[in-house]
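Here are my notes to go with the structure you asked about. Keep the 3D view open as you read, and take the points one at a time.

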Amino acid sequence: MFTEYRIDRNSRITWVCGNWDASTTRNGASQLTSSSVIGRLLWDFVSGRDTRDYLQAIFHWAHGHDITLHMSYRCDTPEEERYYRMSVRRAGDDEVGVKHRLLQRITAPNPPQFSLHDGQDSSARCSVCCRYQVGDAWIDPYRTGDQMWMRGPFTVCPDCRGTALDTIRYSLSADISNRYGPNGPGTAN
Ligand SMILES: [Zn+2]
C-alpha cells in the first residue's frame, strides 16, 4: 500500500495518487481529501522548522538529479510502530514525486504512555525515527516502555540527519557514475 503526491519547485502540491482519499481515511485523516490538498503548500502539513529543512534539502536534491532517493522513517500510532519508506524522484522538469510506502507494523507489547503532565521530560521529538530527546539521549518509548512527557517541538535527530547526508552522498556517486562512468567526469566511457 502506498500514497504518492507531486510538488512543484515552490513545494506546492500539484497532484495526488488515485487512492489518496481511501488512504487518508484509513489513516484517520479523512479531512485531507485530494481536492483539499491540491494547490496547497506541503509545509501547511509539516510540523517543525527542522523537519521542513530536512525535507527541503531532499526535494532540492531530487529536482537536480535523475536518481530516486529512498529514505526510511517511522510514523507511529499510539499502539503501533509503523515503518515507512519515502521515495523521492524527479518528475518532469519542474516537479518531484514523493511516494510513501508502509513496510512494517509492529504492535507494541506495552504501548508507551504519553502525557502532557508527567513522565520523562522530552525536549524534542525526531520526525524521522520518532525518538524523543531526553537530556542528551534519544529514547524510543515503544522499546523502553517509558512514560513520556511531550513538550518539545518536532526536529530531526543527529542520527537521522547523518543518514540523510549519507543517502544523498551515495546517490550523488551513483548519479555521477551513471553520467560519466565509474571513474567520474573527465574519463572516457
Ligand atoms: Zn531520528
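**Notes on the fold**

1. Let's begin with a hairpin. Strand 1 and strand 2 pair in the antiparallel sense, with three bridges between them. One of the residue pairs to look for is I7 with its bridge partner I13 in strand 2. Four residues separate the two strands of this hairpin, and S11 in the turn has a positive phi of about 65°. Please remember that you are looking at a predicted model.

2. Stay with S11 for a moment. This residue sits in the loop between strand 1 and strand 2, and its phi is positive although S11 is not a glycine. Is S11 buried, exposed or partly exposed? There are 18 C-beta neighbours inside 10 Å, so S11 counts as partly exposed; the cut-off for a buried residue is 20 or more.

3. Now follow strand 1 to its other partner. Strand 1 covers residues 2–8 and pairs with strand 5 in the antiparallel sense over seven bridges. Two places to check are D8, which stands opposite E95 in strand 5, and Y5, which stands opposite V98 in strand 5. As you look along the strands, keep a general rule in mind: in a regular strand, side chains alternate between the two faces of the sheet.

4. Both pairings belong to a wider sheet. This is an open sheet of five strands in the order 2-1-5-4-3, with antiparallel pairing. Which strands stand at its edges? They are strand 2 (13–16) and strand 3, each of which pairs on one side only. From one strand to the next, the twist averages 25°. Helix 3 packs on this sheet, where it touches strand 1, strand 3, strand 4 and strand 5, and the direction of helix 3 makes about 35° with that of strand 4.

5. Helix 3 deserves a point of its own. Does its length make sense? Helix 3 has 16 residues (49–64), which at 1.5 Å a residue should span 22 Å, and its end C-alpha atoms lie 23 Å apart, so the two values agree. Buried in this helix are Y54, L55, W61 and A62. Seen down the helix axis, the buried residues fall within an arc of 125°, so they line one face of helix 3. The general background is that an α-helix has 3.6 residues a turn, so residues three or four places apart point the same way. On the other side of helix 3 you will find R49 and G64, which are exposed.

6. What do the buried residues of helix 3 pack against? Their partners are strand 3 (69–74), strand 4 (80–91), strand 5 (95–107) and helix 5 (158–180). You can try the length check again on helix 5: its 23 residues should span 33 Å at 1.5 Å a residue, and the end C-alpha atoms are 33 Å apart, so the values agree. After helix 5 comes G181, whose phi is positive, near 90°.

7. Next, find the other sheet. This open sheet has four strands in the order 10-9-8-12, and its pairing is mixed. Strand 10 (137–139) and strand 12 (154–155) stand at the edges with a single partner strand each, so one side of each has no neighbour in the sheet. Strand 8 (residues 124–126) and strand 12 run parallel and are joined by two bridges. In one of the residue pairs here, C126 has T155 in strand 12 as its bridge partner.

8. A loop beside this pairing holds another residue worth a look. C130 lies in the loop between strand 8 and strand 9 (132–134). Its phi is positive, about 70°, although C130 is not a glycine. Why does C130 count as buried? Because 20 other C-beta atoms lie within 10 Å of C130.

9. Finally, zoom out to the whole protein. There are five helices and 12 strands, and the C-alpha atoms fill a box of roughly 65 × 40 × 30 Å along the principal axes. Of the 189 residues, 16% count as buried. Among the contacts with a separation of 6 or more, 60% come from residues 24 or more positions apart.

Methods
Residues numbered from 1 in each chain as written. Predicted model: local features only at pLDDT ≥ 70, side-chain atom pairs only at ≥ 80, totals over all residues. Pairing = 2+ DSSP bridges. Expected span 1.5 Å × (residues − 1). Buried ≥ 20, exposed ≤ 12 C-beta atoms within 10 Å, placed from the backbone. Arc of directions from axis to C-beta. Contact = placed C-beta atoms within 7 Å. Axes fitted to C-alpha atoms, helices over the stretch in contact; angles between N-to-C directions.
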